[in-house]
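Biologist: Could you take me through one part of this protein closely, namely the nonpolar core, and then show me how it sits in the rest of the chain? I have the sequence and the structure open beside me.

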Amino acid sequence: FRVCYFSLETDPDTLTNRILANYLAEPLTDVKRKTVPQEKLDLLANLHRIPLFIRSASGKGTGWIKAQAQRMKAQVVIVDYLQLLKEKAKSRYEAVTNISMGLHELAQTTGMLVIALAQLNRNAEHSSPSNADVKDSGQIEQDADAMLLLSGDGEEYQAILTKNKEGRVGKIPLMFDKERQRFLEIAQ
């Protein structure tokens, strides 16, 4: 799949370092210092074959995302994160509603898979979050075919599939390996 990742807050170099740490299963600090063992670096030959394009989208809007995704012939679009997209509107609620509807339209009219990360309200950090905790607009839940919420802190997390038009919902216990920038499923 041809993946276009639009980041609105993290620069492409930082994201690339995180991807490398995850892919190579090496500490992020070693990736940043360029001290990864040569035998691990040989694995990077395969990484260049993966059609992943990371674009900085800071200060951009939904129209720009749509145009770039179509120009790049994306099959998968990832927006990190949707509440940072710029949209002219009378209120924040209206802006986020329009952003959600615009991304939904992109998916519906082009067949692209659109994955939009969204921020949760702060009060969701201390309890198991629900779809109602998605910040700024209920339209996000309405437009989504699936919703996966991340909950937890420290090393123990859970991914909660709270909406899935195509199947089951439920919880997946996870551990965050911060050093290697990856989540791992905890065997039950």
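**A close look at the core**

Modeller: Gladly! Let me start with the charges, as a backdrop to the nonpolar part: the chain has 25 positive and 24 negative charges, and their mean positions are 6 Å apart. Please keep in mind that this is a predicted model.

Now to the part you asked about. The largest nonpolar core holds 22 residues. If you want to find the residues with the most contacts inside this core, look for Phe-6, Ile-65, Val-77, Val-79, Leu-85 and Leu-103. At least two core residues come from each of strand S1 (3-7), helix H5 (62-71), strand S3 (76-80), helix H6 (92-110) and strand S5 (146-153). Helix H6 is the biggest contributor, giving 4 residues.

Val-79 is a good place to zoom in. Setting aside neighbours within four places in sequence, Val-79 touches Phe-6, Leu-8, Ile-65, Leu-85 and Leu-103, and also Ile-115, Ala-116 and Leu-117. A separate core of 8 residues lies apart from the one just described, and includes Ala-21, Leu-24, Leu-28 and Leu-44.

From Val-79, step along the chain to the peptide bond between Asp-80 and Tyr-81. That bond is cis, with omega at about -5 degrees. Tyr-81 belongs to the loop between S3 and H6, and both of those elements supply residues to the 22-residue core.

Two other loops deserve a visit for their backbone angles. In the loop between helix H2 (28-33) and helix H3 (38-41) you will find Lys-34, which is not a glycine yet has a positive phi, near 60 degrees. Lys-34 counts as exposed because its relative accessibility is 74%, where the cut-off for exposed is over 50%. Gln-181, also not a glycine, has a positive phi of about 55 degrees; look for Gln-181 in the loop between strand S7 (170-177) and strand S8 (182-185).

Stepping back, the chain contains 7 helices and 8 strands. Of its 188 residues, 36% count as buried. Among contacts with a separation of 6 or more, 51% are between residues 24 or more positions apart. The radius of gyration is 18 Å, which agrees with the value near 16 Å for a compact globule of 188 residues. Along the principal axes, the C-alpha atoms fill a box of roughly 55 × 40 × 30 Å. As for the outside, about 11600 Å² is exposed, and carbon and sulfur atoms supply 50% of that area.

Conventions. Residues are numbered from 1 along each chain as its sequence is written. This is a predicted model: local features need pLDDT of at least 70, side-chain atom pairs count only at pLDDT 80 or more; totals for chains, interfaces and linings use all residues. Side-chain values use heavy atoms; hydrogens and water are left out. A nonpolar core is a set of buried Ala, Val, Leu, Ile, Met, Phe, Trp, Tyr and Cys residues joined through side-chain atoms within 4.5 Å. Buried means under 20% relative accessible area, exposed over 50%, partly exposed in between (1.4 Å probe, protein chains only). Contact means heavy atoms within 4.5 Å. The radius of gyration is taken over C-alpha atoms; the globule rule is 2.2 Å times the number of residues to the power 0.38. Accessible areas come from the Shrake-Rupley method with a 1.4 Å probe; for residues, only the protein chains shown count as cover. Lys and Arg count as positive and Asp and Glu as negative; His and the chain ends are not counted. The place of a charge is taken as NZ of Lys, CZ of Arg, CG of Asp or CD of Glu.
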